[in-house]
Amino acid sequence: MARIKPQALLLQSKKKKAPARVSITTIITCNLIFILVVFSLVAAYKHWFHWSRTELLNGRQNFEEIGAFGEVQRFDLPSYAVLNTSKGLVTVELYKDASPETVDKFLVLCEKGYFRGILFHRVIKNYVIQGGHGNQVGAIEDWTLRGKLRGQLDTSPKHEAFMLGTSKVTRDDKGFELYITTAPIPDLTGKLIVFGRVVKGEDIVQEIEEVDTDEHYQPKSPIGIIDIILKREI
């Protein structure tokens, strides 16, 4: 076996330890790739930011559109509310144009789940059923006394049977009582804001109306709204 000379070993060691050289072409190529990646990220961010803002503006315009003279043209809001009661489903058409502020408040409270689990705490046959978190005994009893005279008053189409409304006077701005009339009640014109009418489920309303109540018109067995589902069409 031939012996390797010391000078040859030294040359081989230097060759192994010498660092690999990087060409200028490779450096330029890497820099170009890095610049392209940075520009791509910036362009993607600008595109995403513009798209997000456009979607946000479009989302807001789905609820209201500013027309001429500063008037708000309303569209694309839910037109119906389905009351899922413990007796069955009651579908209500909402008066978005006739009572816009009341409908807005009703829709917001529905989205927040405000009506989920509320009870019908006043049921007066041939008059009205009331549901909510309040307990306005005096008001509805006063309406009942006045209701005895309703046959002597002119009939108002605004307060026919199966109309959905809420009280004009509330003790708490956050409160919202629901009233469904079960007979024409023209004398409530100054007390109720009508913002809808029952278009399906009148028989459910009548079934609720027939429940047993005490002397204060409170149902002896709990009956209420499980949830409310909003729909644009039925």
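Colleague: Which residue in β9 does Leu94 stand opposite?
Modeller: Bear in mind that this is a predicted model. Strand β4 covers residues 88-94, and β4 pairs with β9 (residues 192-200) in the antiparallel sense over four bridges. In β9, the residue opposite Leu94 is Gly196.

Colleague: And on the β3 side, what is the bridge partner of Tyr80 in β4?
Modeller: β3 and β4 form a hairpin, with two residues between them. They run antiparallel, paired over six bridges. Within β4, Tyr80 is bridged to Glu93.

Colleague: How many of the seven residues of β4 are buried?
Modeller: Buried here takes a relative accessible area under 20%. By that cut-off β4 is mostly covered, and the buried count is five.

Colleague: Is Ser79 buried or exposed?
Modeller: Ser79 sits in the loop between β2 (72-74) and β3 (80-85). Beyond its neighbours within four places in sequence, its contacts include Val92, Glu93 and Leu94, as well as Lys231 and Arg232. Its relative accessibility is 17%, and the cut-off is under 20%, so Ser79 is buried.

Colleague: Which side chain makes a polar contact with the side chain of Ser79?
Modeller: Lys96 is one of the residues in contact with Ser79. The two side chains make a polar contact at 3.1 Å, so to speak a handshake between Ser79 and Lys96.

Colleague: How many disulfides does the count come to?
Modeller: Cys30 is partly exposed at 46% relative accessible area, whereas Cys110 is buried at 9%. The rule needs a pair of cysteine sulfur atoms within 2.5 Å. On that rule, the number of disulfides is zero.

Technical notes: Residues numbered from 1 in each chain as written. Predicted model: local features only at pLDDT ≥ 70, side-chain atom pairs only at ≥ 80, totals over all residues. Heavy atoms only, no water. Buried < 20%, exposed > 50% of the residue type's maximum accessible area, 1.4 Å probe, protein only. Polar contact = N/O pair within 3.5 Å; in protein donor to acceptor, adjacent residues only side chain to side chain. Contact = heavy atoms within 4.5 Å. Pairing = 2+ DSSP bridges.
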